[in-house]
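Colleague: Could you walk me through this one before I set anything up? I'd like to start with the overall layout and then get into particular residues.

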Amino acid sequence: LCPQVPELQKGTVRIRQPERVRGIIQALREQGVAKLQVISDFDMTLSRFGCNGRRCPTSHNILDTSRVISEDGKKKLKDLLHYYYPIEIDPNRTLEEKRPLMVEWWTKAHELLVQQKIHKGDIAQIVRESEAMLRYGHGMDGFKEFFDQLHKNNIPLFIFSAGVGDILEEIIRQANVFYSNVFVVSNYMDFNDDGVLTHFRGPLIHTYNKNNTVLQGTGYFQQLSTRTNIILLGDSMGDLTMADGVPSVENILKIGFLNDKVEERRGKYLDSYDIVLESDETLDVVNGILRYILTE
């Protein structure tokens with residue numbers, strides 16, 4: 001496909017239109033670093049889906065299962081998950097059907113978390129004790145190469161997450177890669193003067209509203225209007241709209257991590273993402289593409 005990116009030969013890679021993908025990668029390289037930005041989901045995209053034969057936690061899971069949540073709270077949060085998650089990934093329901101149900105889920109979950117009187121001071125420790133893992137790579141630190149390459153080349157990394165902003169920022173901070181080029185839009189907690197969680201700041205971001213509706217007023221993409229080339233990383237159908245706020249997109253390369261229910265969802269992912277990575281826990285392909293685009 002692209003001899004300069006040997007990672008695309010990996011067995012986990014599936015591409016429906018190789019010629020088109022090659023063309024986009026060439027354009028990204030030829031048009032240079034100054035025009036590039038990366039827009040990425042966080043949970044199960046930059047963080048790992050599985051580790052040691054178990055599911056890795058999302059930023060919500062980390063909080064939901066931590067010692068600061070009462071047993072009763074844990075049970076209620078788990079009940080919500082068991083009810084709403086099958087709806088979230090149900091291929092037979094439309095987005096229009098799913099959206100109000102996702103709002104319902106996130107709202108109920110946030111209300112439960114607020115009842116737990118979580119302390120701001122506990123967050124670093126909660127993350128430290130969790131099994132959160134960022135994706136690895138050839139040298140085991142795939143995430144480090146990813147964040148380092150972008151930082152060194154002043155390429156903005158915009159993380160658009162339906163998770164908990166305070167938790168995912170702490171994960172990136174503890175991995176020592178929270179650089180100045182990283183911007184996060186997510187669900188953030190608000191604490192009172194005693195450092196106790198009182199509510200979540202709006203607007204609510206869930207799996208299926210990652211687009212300019214929740215970005216209005218942030219002005220993020222306006223500052224980057226010259227960054228018209230995009231690499232988009234996601235792991236769900238809802239992530240495909242993350243670049244919808246960008247004023248004028250010239251080239252966009254959409255890379256999708258297909259982590260779960262691979263057989264039944266493959267067709268949909270191949271229709272929507274340019275490159276699909278099946279059950280791939282690494283950032284090898286992304287790093288390989290970046291390396292090719294960024295080297296002189």
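Modeller: What follows goes from the domains to the core, then to a helix pair and a few single residues, and please keep in mind that this is a predicted model.

Colleague: Fine, so how is the protein chain divided?

Modeller: The chain is split into domain 1, which covers 6–51 + 133–294, and domain 2, which covers 54–128. Their C-alpha centres are 21 Å apart, and the contact between them involves 35 residues of domain 1 and 31 residues of domain 2.

Colleague: And the largest nonpolar core, which residues have the most contacts inside it?

Modeller: Those are F146, F147 and I289, in a core of 93 residues. Both domains contribute to this core, with at least three residues coming from each of domain 1 and domain 2. As a general point, nonpolar side chains tend to be buried together in soluble globular proteins.

Colleague: What does F146 touch?

Modeller: Setting aside residues up to four places away in sequence, F146 touches V38, L46, L157, L233, L283, V286, N287 and L290.

Colleague: Switching to helices, at what angle do α1 and α11 cross?

Modeller: The axes of α1 (residues 18–31) and α11 (residues 284–294) cross at roughly 45° and come within 8 Å of each other. An angle between 35 and 65 degrees falls in the oblique class, and the two helices are therefore oblique to each other.

Colleague: Which residues make that contact?

Modeller: From α1 there are I25, Q26, L28 and R29, while α11 supplies I289, Y292 and I293. By type, the residues of this contact comprise 5 nonpolar, 1 polar and 1 charged.

Colleague: I'll have to think about histidines too; is H110 buried or exposed?

Modeller: H110, which lies in helix α4 (residues 95–115), counts as buried because its relative accessibility is 7%. Apart from neighbours within four places in sequence, H110 is in contact with H60, N187, F200 and L204.

Colleague: Now the backbone: where is there a cis peptide bond?

Modeller: A cis peptide bond joins G202 and P203, with omega at about -10°, and P203 sits in the loop between β8 (197–200) and α8 (212–215).

Colleague: And which residue has a positive phi although it is not a glycine?

Modeller: One of them is M44, with phi of about 70°, in the loop between β2 (36–40) and β3 (50–51); M44 counts as buried at 5% relative accessibility. Another is K261, with phi of about 50°, placed in the loop between β10 (251–258) and α10 (262–272), and K261 is partly exposed, with a relative accessible area of 37%.

How values were computed:
Residues numbered from 1 in each chain as written. Predicted model: local features only at pLDDT ≥ 70, side-chain atom pairs only at ≥ 80, totals over all residues. Heavy atoms only, no water. Core = buried A, V, L, I, M, F, W, Y, C linked by side-chain atoms within 4.5 Å. Buried < 20%, exposed > 50% of the residue type's maximum accessible area, 1.4 Å probe, protein only. Domains from an automatic or database assignment. Contact = heavy atoms within 4.5 Å. Axes fitted to C-alpha atoms, helices over the stretch in contact; angles between N-to-C directions. Helix = DSSP H or I, 4+ residues; strand = E, 2+ residues; numbered from the N terminus. Parallel < 35°, antiparallel > 145°, perpendicular 65-115°, else oblique. Nonpolar A, V, L, I, M, F, W, Y, C, P; charged D, E, K, R; others polar.
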